[in-house]
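Student: Please take one helix of this model and go through it closely, then place it in the rest of the chain. I would like to see how the length, the sides and the packing of that helix fit together.

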Amino acid sequence: TKDLDRTLPEYDKFSTEEGTNALLKVLVAISNTQKDVGYVQGMNSIAGVLLFRLKEEDAFWTLLYMMEKLDVKQIFINDFKKAGLLNYQLKVFLDYFLPKMTELFD
């Protein structure tokens, strides 16, 4: 439940009991269906963004699709190695195509 309080705190949606409960339901459902991953910090941010525009059930199905079909679950397993690779690829892309933007991050 720690992550619930830290999920997009700048938005009123998650400072209400209704918003927090919706987020909790989506995260519990995902962790119950993704037994090989369970719950990992960071999923709350993805679910939170989905809940801005989708109902709970639709947010769940969208996140499940992302985990299974778009292979987002790879970001959360094996010590986040995939996340490190994606961050590196983004940096190389920005360095090559948008060097001025890279300067903003340095």
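Tutor: The expected span of a helix is 1.5 Å times one less than its number of residues. This model is predicted, and the helix to test against that rule is H2, residues 17-33. With 17 residues at 1.5 Å a residue, H2 should span 24 Å, and its end C-alpha atoms are indeed 24 Å apart, so the expected and the computed length agree.

Next come the sides of the helix. The buried residues of H2 are Gly19, Thr20, Ala22, Leu23, Val26, Leu27, Ile30 and Ser31. Around the axis they cover an arc of only 160°, and therefore they lie on the same side of H2. Buried here means under 20% relative accessible area, whereas exposed means over 50%. On the face of H2 turned away from the buried side are the exposed residues Glu17, Glu18 and Lys25.

As for what the buried side meets, the buried residues of H2 pack against three helices: H1 (2-6), H3 (43-53) and H4 (56-68).

Two of these partners can be followed a little further. Helix H1 contains aspartate 5, which is exposed at a relative accessible area of 62%. Between the C-alpha atoms of aspartate 5 and leucine 51 there are 15 Å, for a distance of 46 residues along the chain.

The aromatic rings give another view of the surroundings. Across the whole structure, a search finds five aromatic pairs. One of them joins phenylalanine 14 and phenylalanine 52, edge-to-face, with 5.5 Å from centre to centre and 75° between the planes. Phenylalanine 14 sits in the loop between H1 and H2, while phenylalanine 52 belongs to helix H3, so this pair ties together parts that are 38 residues apart in sequence. The two rings differ in cover: phenylalanine 14 is buried at a relative accessible area of 8%, and phenylalanine 52 is partly exposed at 31%. Ring pairs also bring in Tyr11, which forms a cluster with Phe14 and Phe52.

A further ring pair belongs to another part of the chain. The ring centres of phenylalanine 93 and phenylalanine 97 are 4.8 Å apart and their planes stand at 40°, so this pair is tilted. Both residues are in helix H6 (residues 81-97), where, being four residues apart, they are separated by about one helical turn. Phenylalanine 93 counts as partly exposed, at 44% relative accessibility, and phenylalanine 97 is exposed, with a relative accessible area of 52%.

Finally, the chain as a whole. The secondary structure of the protein consists of seven helices and zero strands, in the order α-α-α-α-α-α-α from the N terminus on. Taken along the principal axes, the C-alpha atoms fill a box of roughly 45 × 30 × 25 Å. Of the 106 residues in the protein, 34% are buried. Among contacts with a separation of 6 or more, 55% come from residues 24 or more positions apart. The accessible surface of the protein is about 7,600 Å², and carbon and sulfur atoms hold 57% of that surface.

To return to the helix: the buried residues of H2 are on the same side, they pack against H1, H3 and H4, and Glu17, Glu18 and Lys25 are exposed on the face turned away.

Terms used:
Residues numbered from 1 in each chain as written. Predicted model: local features only at pLDDT ≥ 70, side-chain atom pairs only at ≥ 80, totals over all residues. Heavy atoms only, no water. Helix = DSSP H or I, 4+ residues; strand = E, 2+ residues; numbered from the N terminus. Buried < 20%, exposed > 50% of the residue type's maximum accessible area, 1.4 Å probe, protein only. Arc of directions from axis to C-beta. Contact = heavy atoms within 4.5 Å. Phe/Tyr/Trp six-rings, centres within 6.5 Å; stacked < 30°, edge-to-face > 60°. Areas by Shrake-Rupley, 256 points an atom, 1.4 Å probe, with all protein chains shown as cover.
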